[in-house]
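Colleague: I would like to learn how to read the features of a structural model, beginning with the whole chain and then moving to single residues. May we work through one together?

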Amino acid sequence: MTALTDFPIDQKWTAQNPDVIQLYSFPTPKGVKVSIALEEMGLEYEAHLVTLLDADVKSPEFLSLNPNNKIPAIIDPNGPDGPMGLFESGAILLYLAEKSGKLGGSTPALKAQTTQWLMFQMSGLGPMFGQMGFFYKFAGSEWEDKRPLQRYMDEAKRLMAVVEAQLEGKEWITGEYSIADIAIAPWLRATGFYGVRDALNWDAHPNIAAYLNASRHDLPSSKGSTPLPDQPRSAARPSKHNAKSQQPAAALTQQPEPPHLLLSTHVGGRRRGAQSTTCPTQRHSLHQRLRSTVCISHQNEQRRHLRPRSPCGCGSH
């Protein structure tokens, strides 16, 4: 590919600014990782809303970028050898950390540890929590056989114990804020949306609770602009990351906001013929804009019309 227009996905989610990173995603624990990273790294990007409906994730245009039909995915028009597409949230986080020189680990040892904990999330925390959510809150909750639920509840408890121990004496997973935190925290926060915290004995995990508690961290109110009401949501979004501060925004620490907050501000490629809407507020601090790091549809009502694509539905989450 020599230009963004060479990518078939651009026919369905047309770029308004083809010179910046194009993000195709949806506000689930998996989907928000990339938008958080883009904001924190100060990389300019244009965001496009790709719903979990087959009309989007199984469309020929999206499959041309990710044949595995899962969000998120990106196109970097300024890739190392020209425009390049990339899918899998973990791979994207590693790529963005390398590209920006940020949040991938400040020393060789911390870089290895950051990758280690990112893999922990990708292989364990995400899949197991997604399965737990399906069997506890969604269609799986209606199954008479509760053995699958118990299996994933037990695994979620085990994984939480691992995180709880790792956070002892630390504010962040490796000791410094990194893409590992960006990957892990949204899944821990999703337990609130699933309504499963009591069953997980949440109060027995004070380090995790503090990890997700904004009062524990002296965090700046990094701000980013949202598109103005007369702008399409797919307008390019320059990050307003505070370059003077090495502290992360409180994106990972807040309680869920109503689902009109999409990804980091607005995610929504305006599909041809589709109407563009905007968030009712024009500016949010980064932690406000990222509060929707839970497994929700654009509107909760839409969830009733979405059928999980796998036993847990987490493949798209």
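Modeller: Let us begin with the surface: the chain exposes about 13,300 Å², and carbon and sulfur atoms supply 49% of that area. Please bear in mind that this is a predicted model.

Colleague: What percentage of the residues of the chain count as buried?

Modeller: Of the 317 residues, 56% count as buried.

Colleague: How many helices and how many strands does the chain have?

Modeller: There are nine helices and six strands in the chain. Contacts add a further view: among those between residues at least 6 apart in sequence, 75% join residues at least 24 apart.

Colleague: Let us turn to a single position. Where does Val50 lie?

Modeller: Val50 belongs to the loop that runs between strand S2 (45-49) and helix H2 (54-57).

Colleague: Is Val50 buried or exposed, and why?

Modeller: The class follows from relative accessible area, with buried meaning under 20%. Val50 has a value of 0%, and therefore it is buried.

Colleague: Which residues is Val50 in contact with, leaving aside its neighbours within four places in sequence?

Modeller: Val50 is then in contact with Trp13, Tyr24, Ser25, Phe26, Asp56, Val57, Phe62 and Ile71. A separate reading uses C-alpha atoms: those of Val50 and Pro27 are separated by 9.5 Å, while the two residues are 23 apart along the chain.

Colleague: Ile71 appears among those contacts. What is the form of the peptide bond from Ile71 to Pro72?

Modeller: For a peptide bond, one reads the omega angle. From Ile71 to Pro72 the bond is cis, with omega near 0°. Pro72 itself is in the loop between helix H3 (60-65) and strand S3 (73-76).

Colleague: I should also like to read the backbone angle phi. Which value does Leu103 have?

Modeller: Leu103 has phi near 65°, a positive value in a residue other than glycine. Its place is the loop between helix H4 (89-100) and helix H5 (108-136). Leu103 has a relative accessible area of 18%, so it is buried.

Colleague: What is the phi of Asn201, and where is this residue found?

Modeller: Asn201 is not a glycine, yet its phi is positive, at about 60°. Asn201 sits in the loop between helix H7 (179-194) and helix H8 (206-211).

Colleague: Why does Asn201 count as partly exposed?

Modeller: The partly exposed class lies between the 20% and 50% cut-offs. Asn201 is at 48% relative accessibility, and therefore counts as partly exposed.

How values were computed
Residues are numbered from 1 along each chain as its sequence is written. This is a predicted model: local features need pLDDT of at least 70, side-chain atom pairs count only at pLDDT 80 or more; totals for chains, interfaces and linings use all residues. Side-chain values use heavy atoms; hydrogens and water are left out. Helices (H or I, at least four residues) and strands (E, at least two) are DSSP runs, numbered from the N terminus. Buried means under 20% relative accessible area, exposed over 50%, partly exposed in between (1.4 Å probe, protein chains only). Contact means heavy atoms within 4.5 Å. Accessible areas come from the Shrake-Rupley method with a 1.4 Å probe; for residues, only the protein chains shown count as cover.
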